[in-house]
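Dear colleague,

I am handing over the structure below, and would be glad if you kept it open while you read the notes that come after it.

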Amino acid sequence: MPIEIRDNQLRTEDLIALFAAAGWGDVPYAMAQTALENSYATFSVHRDGQVIAMARLLGDGAMAFYLKDFAVLPACQGKGIGRLLNAHI
């Protein structure tokens with residue numbers, strides 16, 4: 001199945017799962033939800049109905065933006081998915 005990148009559709013559950021898979025620890029649901037709500041933009045990579053990578057963009061909406069929480073599932077690393085996501089952003 002092809003890979004699809006979706007803008008601003010990252011779900012709280014998927015952010016939590018990717019954080020855990022990346023070894024960044026467990027994030028409480030309410031904290032993850034607030035983080036997503038306050039993101040300038042989110043990006044998620046989907047394959048076979050699963051989110052396999054994600055990134056968040058934070059910024060002031062005018063002049064300053066930075067990439068935050070860029071993660072690819074360990075099983076999907078080394079296959080160009082991160083490069084594809086970065087190019088999309």
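The notes below go through the aromatic pairs, the first helix, a buried aspartate, the nonpolar core and a cysteine.

Please keep in mind that this is a predicted model, in which local features need pLDDT of at least 70 and side-chain atom pairs count only at pLDDT 80 or more, while totals for chains, interfaces and linings use all residues. Residues are numbered from 1 along each chain as its sequence is written, and side-chain values use heavy atoms, with hydrogens and water left out.

Aromatic pairs

The structure holds two aromatic pairs, where rings of Phe, Tyr and Trp (its six-membered ring) pair if their centres lie within 6.5 Å, and where planes under 30 degrees apart count as stacked, over 60 as edge-to-face and the rest as tilted. F19 and W24 make up an edge-to-face pair, with 4.9 Å from centre to centre and 85° between the planes. F19 is buried at 13% relative accessibility, whereas W24, at 41%, is partly exposed; buried means under 20% relative accessible area, exposed over 50% and partly exposed in between, with a 1.4 Å probe and protein chains only. The rings of Y40 and F65 have centres 4.8 Å apart and planes at 55°, so this pair is tilted. Because Y40 lies in the loop between α2 (29-37) and β2 (41-47) and F65 in strand β4 (residues 65-72), the pair ties together parts that are 25 residues apart in sequence. Helices (H or I, at least four residues) and strands (E, at least two) are DSSP runs, numbered from the N terminus. Y40 is partly exposed, with a relative accessible area of 46%, and F65 is partly exposed as well, at 35%.

Helix α1 and the aspartate

In helix α1 (residues 12-21), the buried residues are T12, D14, L15, L18 and F19. Seen down the axis of α1, these buried residues fall within an arc of 165°, so they line one face of the helix; the arc is that of the directions from the helix axis to the C-beta atoms. Their cover includes α2, β3 (50-59) and β4, with contact meaning heavy atoms within 4.5 Å. Just after α1, G23 takes a positive phi of about 80°.

D69 lies in strand β4 and is buried, with a relative accessible area of 10%. Its side chain makes polar contacts with the side chain of R56 at 2.7 Å and with the side chain of K68 at 2.9 Å. A polar contact is a pair of N or O atoms within 3.5 Å; within protein, one must be able to donate a hydrogen and the other to accept it, and residues adjacent in sequence count only if both atoms are side-chain atoms. Not counting residues up to four places away in sequence, D69 touches F19, W24, M54, A55 and R56, among them both members of the edge-to-face pair.

The core and C76

The largest nonpolar core has 21 residues, of which L15 and I81 touch the most other members; such a core is a set of buried Ala, Val, Leu, Ile, Met, Phe, Trp, Tyr and Cys residues joined through side-chain atoms within 4.5 Å. Two or more residues come from each of α1, α2, β2, β3 and α3 (81-88), and the largest share, six residues, is from β3.

C76 lies in the loop between β4 and α3 and counts as buried at 4% relative accessibility. Not counting residues up to four places away in sequence, C76 touches R47, I52 and I81.

With best regards
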